[in-house]
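Welcome! Open your viewer, keep the selection tool at hand, and follow along stop by stop.

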Amino acid sequence: MIDILTKEATVLLKNLISTPSFSGEEDKTAELISNWFLAHQIPFKRNNNNVWAVNKNFDAAKKTILLNSHHDTVQPNKGYTKNPFTPEENDGKLYGLGSNDAGGCLVSLLALFTYFYDKKELNYNLVIVASAEEESSGSKGLNSMLPIIPEIDFAIIGEPTLMQLAVAEKGLLVLDCYAKGTPGHAAHGKGDNAIYNAIEAIHWFKNFQFPKQSAALGSVKMTVTQINAGNQHNVIPASCHFVVDIRVTDKYSNQEVLDIVKSNVNCEVKPRSLTLNSSSIPIEHPIVKAGVKLGRKTYGSPTLSDQSVLSCPSLKLGPGDSLRSHTANEFIYMDELKEGIDLYIKMLNEIV
């Protein structure tokens, strides 16, 4: 059965590559995923461009595992020399937009869910969500599904990790900061220079060290990435706007980091969002132990995924390599796809 599912998953991946599915425009790939469930006689539901299903013998008295990956993609990198929508096999690689991020993960999870769908007396329920708008952190993605699907106890999020165990993921907090001053003529130098006031705050962002360290992710990292002030050379500016990119570890919530920032800098601070929090799963969790037993290593991931919208423990795991995501001539190795399905099934067999 596993060999058949692997072949079918490969066909679906090629069809997904052939079908443009930019964030917010995933209706055609949602149809392809729906067809997978129809072909395997699995009842499913669709909410906007999210497609989901539960296992045949779902029991509300049992705990539930979420299996999730996304079927939207970014726009093709301008460096492409191949057609991003033409699946091409060459030298053991399958090329195409979304092959690595995250089509390979998605079809592997669909194969995993299908393998366990009608099995009886499982220790856990399974719910799978093929979600939209992950790349844009849109409002109609996995976040919109959480009130709809059954309550989940932990999740496996399909993202390319070379099938290693990403037991923690950094969150993202972006701040717009505004240092104020008083305008004046530069020749007199009597104004309160907003740029100088901003420098004090920027110096704090550069040097402050958060006391709590994460075993998997290290320290919270703050980086000033943009700055803008003034509109002519001889006027002292009254305002200086700068942007801070903060990568938050599982030791802090985004709100906690924001509170620390506001208590230390003398400028107006506006968060763009507080929803993209860090996530993690305990090392002693059964699914992590199952992966380690199969020779997988644990690590902390610096990249953001749909884990950020979950409040339950979650593990990021999937075939492919994160370093290939969003690159020109994106690809996944065919052997990675086969290994991904095999390892997913072996890991779940250990616990379900």
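The tour below starts with the whole chain and then moves to a few selections. Keep in mind throughout that this is a predicted model.

**Stop 1: the whole chain**

Show the chain as a cartoon and you can look for eight helices and 18 strands. Along the principal axes, the C-alpha atoms fill a box of roughly 80 × 45 × 35 Å. Switch on a surface next: the accessible area is about 16,100 Å², with 49% belonging to carbon and sulfur atoms. Of the 352 residues, 50% are buried.

How much of the contact list comes from residues 24 or more positions apart? Among contacts with a separation of 6 or more, such pairs account for 80%.

Now colour by charge. The chain has 33 positive and 38 negative charges, and their mean positions are 3 Å apart.

**Stop 2: Asp245 in a strand**

Select residues 239-248, which form strand β13, and pick out Asp245 within that strand. Is Asp245 buried or exposed? Its relative accessible area is 18%, under the 20% cut-off, so Asp245 counts as buried.

Show side chains here, and you will find Asp245 joined to Arg247 by a side-chain polar contact of 2.8 Å. To see what else surrounds Asp245, leave aside neighbours within four places in sequence and display Leu172, Leu173, Lys221, Met222, Thr223 and Thr225, which are in contact with Asp245.

**Stop 3: helix α8**

Next, select residues 334-351, the 18 residues of helix α8. Try the distance tool on the end C-alpha atoms: they are 27 Å apart, which agrees with the 26 Å expected at 1.5 Å a residue.

Colour the buried residues of α8, among them Leu337, Gly340, Ile341, Tyr344, Met347, Leu348 and Ile351. An α-helix has 3.6 residues a turn, so residues three or four places apart point the same way.

**Stop 4: two acidic residues in α8**

Asp335 and Glu336 both lie in this helix. Asp335 has a relative accessible area of 62%, which is over 50%, so Asp335 is exposed. Glu336, at 10%, is buried.

Which side chain does Glu336 meet in a polar contact? That partner is Arg324, at 2.8 Å. Not counting residues up to four places away in sequence, Glu336 touches Leu162, Pro319, Gly320 and Arg324.

For a last selection, pick the C-alpha atoms of Asp335 and Ser144: these residues are 191 apart along the chain, and the two atoms are separated by 34 Å.

Notes. Residues numbered from 1 in each chain as written. Predicted model: local features only at pLDDT ≥ 70, side-chain atom pairs only at ≥ 80, totals over all residues. Heavy atoms only, no water. Helix = DSSP H or I, 4+ residues; strand = E, 2+ residues; numbered from the N terminus. Buried < 20%, exposed > 50% of the residue type's maximum accessible area, 1.4 Å probe, protein only. Contact = heavy atoms within 4.5 Å. Areas by Shrake-Rupley, 256 points an atom, 1.4 Å probe, with all protein chains shown as cover. Lys, Arg positive; Asp, Glu negative; His and termini not counted. Charge placed at Lys NZ, Arg CZ, Asp CG, Glu CD. Polar contact = N/O pair within 3.5 Å; in protein donor to acceptor, adjacent residues only side chain to side chain. Expected span 1.5 Å × (residues − 1).
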